[in-house]
Structure formats: C-alpha cells, structure tokens
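User: I am new to this structure and would like a quick tour. Can you take my questions one at a time?

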Amino acid sequence: MVDDNQDESPHAASVEVGELLTRLDRGEPVVLLDVRNQDEYESWKLEPRRPVETVHVPYFDFIEDGDAAIARVPRGRELVVLCAKGGSSEMVVELLKDAGVRAANVAGGMLAYGVYLEPVKLPLEAGEAGRFELWQVNRRGKGCLSYVVVSGGEAAVVDPSRHAEWYAAFVRERGARIVQVLDTHIHADHVSGGPELARRAQAPYYVSAGAGFELRQPVTPLGDGQQIRLGGDAGVSIEVRVIRTPGHTPGSTSFLVGGRFLLTGDTLFVASVGRPDLGGHVVEWGRELYASLKQRLADLPAETRVLPAHFGSQAEIGAEGVVWGRLGELRASVPELQLADADAFVDAVRGAVKEPPLAYAEIIKLNLGAQASEEQVALWELGKNQCAASAQRASRA
Ligand SMILES: [Fe+2]
C-alpha cells in the first residue's frame, strides 16, 4: 500500500479510501492517525467492518509543537494519516517523513470516504442467478445503499447517489443499458442522482413525493402494484413490483424485485424503521408508517429479503458483505415492530428520534428539483445519515 519509492517522490505516499477499507475490513494491523480537529473527529469517524486502532492528534498540534505531536505517534507500525480533505494529512505525512516515520496519506480524506461507493453482488439462488444480477452499492461513509438490477441486457437503478456517472459506467461494464431509474422517496440525507442518471440514459425516472411536496422535475408515474419488466430480449427477465409504503414520507415506495427482494427505502431497516418526523407531521406520518409496516407488507412471506436504503452501524453489514435481513426475522426483532398499536408506535418513534440532520431541508429542496453548486452539495452531504427512528442497534446476528 505504501509507495516504496516514497523517498524519491515529491509527493507523500498515499492510499485510496476503497483500498484502505478493504484492508481494514480484513483486520490488517494498520494504525489510523486522525488529524482533524476535536469536533470533526467526534462527529464522524471512518468505520471499517472490524475495529481499527485510531490515534487522534489534531493537525494544529503538529503546527504548534511538532516534536511533541510526533512523539504521540506510534512507531514501528503501518500508519495512515486522515483529515477532512486530504491536505493537512498530507502535510503531516511529510512532517513524519522528515522525522523518520513512514506513513501514507488517505487521499481525499473524509470527503472521499463520504462519496466512496462499494458494489456488492448479492448471492442468488440457482434458479435466479441465470436470470438476473442484483447489486447493493454501499456508500460506506454515509451508510447509504443503492441498488442495480440487471437482466437480459437491461438495468434498473434504485436510489442512486448523486454520482450518476459511476452508475452509468457500472451498468455499461455489465453489458447492459439503463431502462428505468427509481427513487424510493424524496431523500433528506443525500442528493439523488436519479434525475441526472435518467436524463443521461434517456430512461424514465420515478419518484413519488406525495401530498404537500411540489416536485419540480419530470417523473413517469407508477401505480401501486404496477410491474416493471427488465430484460426479455435475451430470453431472461425479472419483474419489479411497486408497493406504496407511505409514512417515512407520504410518497415512500418499496420495490419487490423477482418476488423475493424487497427494496424498502427508509420504510424498514434491518435494525429499526425510518423516522417519520422530518415533515413536521410525526403523528400523521407515524400512523401511516405503522400501517405500511403492519398491513401493506403483511402478505409478503417471511423469507422475503429486506434490502434497505440505509444502515446505521457497520455491524448491520452481514457476513456476505450485504446489508439485508429476512422479513420474518425483522418482524420479530425490530423493536418498533413489537409495539402493540399505532399509538404506542407513534409515541416510541416520537420519543426516540434525534435532532433533524443539519441540511435536511436544503437537501429535500434539491431532490424536489432545486439546483446548487457541487461544492455546496458536498458540504451539505457531509456526515453519516440519521434516517432511523431510533439510535441504531447492532442487533444483527
Ligand atoms: Fe429518507
């Protein structure tokens, strides 16, 4: 990972976020030196799937008293240095190099971590594998999940992050073309790449904003129960069924892929449910969410695999690298689904939700069709999602 020629190079040795996460997920003994200020460090951390040894020495400590700061850095271990954007950490790598301590810079810092996308192919059953591919795209730093379904040379993309080019290239590499782009709802934590991706692919875009929201971009409406078919030309195909599940937002929609995979958006997570409070109607939306969870999804078999739009803890990533759960098990394990009735449900979620995310109102406006600069969007999107109704529990077995 560390550039062996670093002594001759004018630049600090560096490592990409994806490579670093892969190594830390495997449990390789790399020490993370985080040089952000205290507030930044406390509010958002790099989280591999296994615990990582982290040493926090703010950048300003290196400036004020370099020798004392360098003395706090562990020796004889592989060291990577992390900051907000990759600039201060690069300088720290240089300071360490001058002091004879070898380290690599995390290229792009937490900003790069926040936009890094990791595609994970879902293991399918024998009868499914020849008909379609289903990918979960994990935006590790934010805990956002999007999906790509490919069948017979056609693809649907669900809840894409704003990096439309990444999804376009990913589908191209699978030898397919995008024929449908879908959002489960108007997101409040990240800017959707759906409208741009649909424009590029000249494919229909679907989202349902619901009552009280003015959508300022074109969508192709889909009715409750409607089926979208992908593929067919090559003799293979897959159906995606639309299931209206209002509550997290009035327009929230779930998609049932191949009769077995339920893309729930922020309706149901693997350890909690979506928060129904962000529109200022927590009682009304909370009741709708309860009805969606208890009635709209009641007919689906226990074996249905729930694939949510978010996760709160790395512990929710299963052994296969996938964030998912069996509907039957979630009905028995998610605390909000154990409550006696809608009143108890509303009381519980109202009491549990945290402060709204900082820029949620601005992000909602963008997802309804407003525009902002890339720099502004990147700033609004910083940090992990806070979409769950309760503090996420690492309850997944
Ligand atoms: Fe959401």
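Analyst: What follows is a set of short questions and answers on this predicted model.

User: Which protein residues are the donors of the iron ion, and how far from the iron do they lie?
Analyst: Two histidines and one aspartate hold this place. In sequence the donor residues are spaced H-x62-H-x17-D. By name they are His185 (NE2), His248 (NE2) and Asp266 (OD), and their distance from the iron ion is 2.1 to 2.3 Å.

User: How many residues apart in sequence are histidine 248 and aspartate 266?
Analyst: Histidine 248 is in the loop between strand E13 (237-244) and strand E14 (253-257). Aspartate 266 is in the loop between E15 and H10. The pair therefore ties together parts whose separation in sequence is 18 residues.

User: Are histidine 248 and aspartate 266 buried or exposed?
Analyst: Buried means under 20% relative accessible area. Histidine 248 and aspartate 266 are both in that class: buried.

User: Which residues line the largest cavity?
Analyst: The search of the whole structure finds one cavity of 30 Å³ or more. Its volume is about 30 Å³. The lining divides into four nonpolar, one polar and two charged residues. The residues are Ala188, Asp189, His248, Asp266, Leu278, Pro357 and Cys387.

User: Which helix gives the largest share of the lining of the largest pocket?
Analyst: The largest pocket holds about 870 Å³ of space. Four helices each supply at least two lining residues: H2 (38-43), H6 (109-115), H13 (360-368) and H14 (374-380). The largest share is five residues, and it comes from H14.

User: Which residues lie nearest the centre of the largest pocket?
Analyst: The lining has 35 residues. By class they divide into 19 nonpolar, six polar and ten charged. Nearest the centre are Ser43, Trp44, Leu382, Gly383 and Lys384.

User: Which helix gives the most to the lining of the second largest pocket?
Analyst: The second largest pocket has about 400 Å³ of space. It is lined by 22 residues, and those closest to its centre are Val191, Ser192, Glu196, Ala370 and Gln371. Helix H9 (194-201), H13 and H14 each supply at least two residues of this lining. With three residues, the helix that gives the most is H9.

User: How do the residues that line the second largest pocket divide by class?
Analyst: Each lining residue counts as nonpolar, polar or charged, with Gly among the polar ones. The result is nine nonpolar, eight polar and five charged residues.

User: What kind of aromatic pair do phenylalanine 132 and phenylalanine 261 form?
Analyst: The structure holds nine aromatic pairs. In this one, the rings are 6.3 Å apart, centre to centre, with 75° between the planes. Planes over 60 degrees apart count as edge-to-face. The pair is therefore edge-to-face.

User: How many residues apart are the two partners of that pair?
Analyst: Phenylalanine 132 is in the loop between helix H7 (126-129) and strand E7 (133-139). Phenylalanine 261 is in strand E15 (residues 261-265). Both residues are buried. The pair links distant parts of the chain, and the separation is 129 residues.

User: What is the angle between the planes of phenylalanine 213 and tryptophan 285?
Analyst: The two rings form a tilted pair, 6.2 Å centre to centre. Phenylalanine 213 lies in the loop between strand E11 (205-206) and strand E12 (227-231), while tryptophan 285 lies in helix H10 (residues 282-296). The angle between the planes is 45°.

User: Why does tryptophan 285 count as buried?
Analyst: Its partner, phenylalanine 213, is partly exposed, with a relative accessible area of 26%. Buried means under 20%. Tryptophan 285 counts as buried because its relative accessible area is 6%.

User: Over which ring does the charged end of lysine 45 sit?
Analyst: Another residue with such a placement is arginine 305, which lies over the face of tryptophan 324 at 4.0 Å from the ring centre. The charged end of lysine 45 is 4.5 Å from the centre of its ring, that of tyrosine 41.

User: Is glutamine 202 buried or exposed?
Analyst: Glutamine 202 is in the loop between H9 and E11. Its phi is near 50°, a positive value in a residue other than glycine. Its relative accessibility is 76%, so glutamine 202 counts as exposed.

How values were computed. Residues are numbered from 1 along each chain as its sequence is written. This is a predicted model: local features need pLDDT of at least 70, side-chain atom pairs count only at pLDDT 80 or more; totals for chains, interfaces and linings use all residues. Side-chain values use heavy atoms; hydrogens and water are left out. On a 1 Å grid over the protein atoms alone, a cavity is a set of points where a 1.4 Å probe fits but cannot get out, and a pocket is an open set with protein on both sides within 12 Å along at least five of seven lines; lining residues have an atom within 4 Å of a point. Grid points are joined across faces, edges and corners, and a volume is the space filled by probe spheres set on the points. Rings of Phe, Tyr and Trp (its six-membered ring) pair if their centres lie within 6.5 Å; planes under 30 degrees apart count as stacked, over 60 as edge-to-face and the rest as tilted. Buried means under 20% relative accessible area, exposed over 50%, partly exposed in between (1.4 Å probe, protein chains only). A charge sits over a ring if NZ of Lys or CZ of Arg is within 6 Å of the ring centre and within 35 degrees of the ring normal. Donors are N, O and S atoms within 2.8 Å of the metal (3.2 Å for Na, K and Ca); water is not among the atoms, so sites may look incomplete.
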